[in-house]
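Got your viewer open? Let's take a short walk through this one, one selection at a time.

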Amino acid sequence: MDSVLSQAESEVDFSFAVERQDGRRYIFNRGGSTLQTTYESKSASKLVSAVIVLRLVEQGHLALSDRPQAYIGSWPIGPSDPLFGMTLAQLLSLTSGLTIDPPCLDAGNSGFEACVIRIAEDNDANNGKAPGQEFFYASSHLQVAGLMAVGARNVEGWQDIFSEFKSQTGLFPASSYDSPSSSNPALAGGMHFTGQDYMDFLKALKGGSLLNIASSQLLTDHTASVPIAFSPMFSGIGGGPGLREDWHYGFGLWHECRSPTFNCVAGTRVSSPGARGTYPFWDRSKGYTGIVVLDGVFGTDLLTGINIERSVRSTVEQWAAC
């Protein structure tokens, strides 16, 4: 694996780590990268955000059937609009009907709640969608879910939610939600974390100490019965290439399938890759978790981490099984 990874195609330094069932880890660092290097998450944070919200569901603060208006007093979408019926479950599975990401998601000087209200206003006026009718990969879904969590816990903002999660679990000590700013973090892509922190998160998730995997619906295929309207795994994102593979979606994670039409068993292999190349994964069929961390060019390097991992996957599987 050292030999293959040292020659892997990547214009930037990266780290690769994988942990098998007995807790042994294989780690490879190229250039100046280590598992202690801080990297920008992009969409690798989607899984983290979803797990944080699902823990609040398990703790009784939220329900998957809840709607935004139950926790967001300024929610502007009224009963006459189809989007009024969106639920927390649909927000976590990116099937809520939201398709428009307003500029405030990238504006550090925007308020978190103000941006969520803008999400509602822009989609209410323009997109003509109804919840539960299609999967559309966009950041707005998780931002609304995050504000629901803030309202359910009656705290000031997402930083309080994240601080509570860290205090309860001991995870992500060297990581933060701070992009585009700490006051308006993008839950779908606004973390900075270390590979070490994310590996520890995956280990805790796999071990069942974060969620009751059986009842949380985290690993359910929530797009099996809806059209895939937009998926970066087909068309890329930010101008970059796509895999042309039909991956389905759970809560904050992908169900991988190396096929142009989904013919895989959901939950077998799940992941949450980011648009700058970082690729956290959990192979449930073979009992290992891992990550490739790097900071490539937004969009154009979406597949870099995936391709790095695939270059050694067969060897990893042999090592994991021995």
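In which sense do strand 11 and strand 12 pair, and over how many bridges? Keep in mind that you're looking at a predicted model. Select residues 279–283 for strand 11 and residues 288–293 for strand 12: the two pair in the antiparallel sense over 5 bridges. One match to look for is Tyr279, whose bridge partner in strand 12 is Val292. Between these strands the hairpin has 4 residues, and Gly287 takes a positive phi near 75° there.

Next, add residues 14–19, which is strand 1. Strand 1 also runs antiparallel to strand 12, joined by 5 bridges. Here, Ser15 has Val293 as its bridge partner.

Stay on strand 12 for a moment: are its faces covered or open? Both are covered, with Tyr288, Gly290 and Val292 buried on one side, and Thr289, Ile291 and Val293 buried on the other.

Now for some rings. The structure holds 19 aromatic pairs. Pick Phe162 and Phe165: their ring centres are 6.5 Å apart and their planes sit at 15°, so this pair is stacked. Both belong to helix 6, 3 residues apart, which is about one turn of the helix, and both are buried.

Then jump to Phe172 and Phe201, a tilted pair at 5.4 Å centre to centre with 40° between the planes. Phe172 is in the loop between helix 6 and strand 5, while Phe201 is in helix 7, so the pair ties together parts 29 residues apart in sequence. To see the wider cluster linked by ring pairs, add other members, including Trp158, Tyr177 and Tyr198.

Last stop: Arg20, which lies over the face of Trp319, 5.0 Å from the ring centre.

Definitions and conventions: Residues numbered from 1 in each chain as written. Predicted model: local features only at pLDDT ≥ 70, side-chain atom pairs only at ≥ 80, totals over all residues. Heavy atoms only, no water. Buried < 20%, exposed > 50% of the residue type's maximum accessible area, 1.4 Å probe, protein only. Pairing = 2+ DSSP bridges. Phe/Tyr/Trp six-rings, centres within 6.5 Å; stacked < 30°, edge-to-face > 60°. Lys NZ or Arg CZ within 6 Å of the ring centre and 35° of its normal.
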